[in-house]
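Me: I am new to this structure and should like to learn how its features are read. May we go through them one at a time?

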Amino acid sequence: MNDSGALLPWLVIRQDDNGNRYRVGRYATEDEAQTMADNLGTRGHRQMYWVERVSQTTP
């Protein structure tokens, strides 16, 4: 994993109505990421947003 993953371990993921998933952004804290996901979710679109933590393990 690169250094940015260690500093920004929280992702906001979006899934559109066709099932395609996209990384929206990376955040330092879970609260920061959840706030962004909640804000995006209130816009009235059919997409879903959620928060995931980047895996800290290396292959």
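Reply: Certainly. Helices and strands are DSSP runs, numbered from the N terminus. In this predicted model, Asp 16 lies in the loop that connects β1 (10–15) with β2 (21–27).

Me: Which side chain of opposite charge is nearest to Asp 16, and how far away is it?

Reply: A salt bridge requires a side-chain nitrogen of Lys or Arg within 4 Å of a carboxyl oxygen of Asp or Glu. For Asp 16 the nearest candidate is Arg 14, 4.7 Å away, and Asp 16 is buried with no salt bridge. Beyond its neighbours within four places in sequence, Asp 16 is in contact with Tyr 22 and Gln 47.

Me: Is Arg 21 buried or exposed?

Reply: The term exposed applies over 50% relative accessible area. Arg 21, a residue of strand β2, counts as exposed because its relative accessibility is 58%. Its side chain forms a polar contact of 2.9 Å with that of Gln 15. The C-alpha atoms of Arg 21 and Tyr 49 are 9.5 Å apart, although 28 residues separate the two along the chain.

Me: Which residues make up the largest nonpolar core?

Reply: Such a core joins buried residues of certain kinds through side-chain atoms within 4.5 Å. Here the largest one has seven residues: Trp 10, Val 12, Tyr 27, Ala 33, Ala 37, Leu 40 and Val 51. Two or more of them come from each of β1 and α2 (30–41), and α2 gives the most, with three.

Me: Which residues does Val 51 touch?

Reply: Setting aside residues up to four places away in sequence, Val 51 touches Trp 10, Leu 11, Glu 30, Ala 33, Gln 34 and Ala 37.

How values were computed:
Residues numbered from 1 in each chain as written. Predicted model: local features only at pLDDT ≥ 70, side-chain atom pairs only at ≥ 80, totals over all residues. Heavy atoms only, no water. Helix = DSSP H or I, 4+ residues; strand = E, 2+ residues; numbered from the N terminus. Buried < 20%, exposed > 50% of the residue type's maximum accessible area, 1.4 Å probe, protein only. Lys, Arg positive; Asp, Glu negative; His and termini not counted. Contact = heavy atoms within 4.5 Å. Polar contact = N/O pair within 3.5 Å; in protein donor to acceptor, adjacent residues only side chain to side chain.
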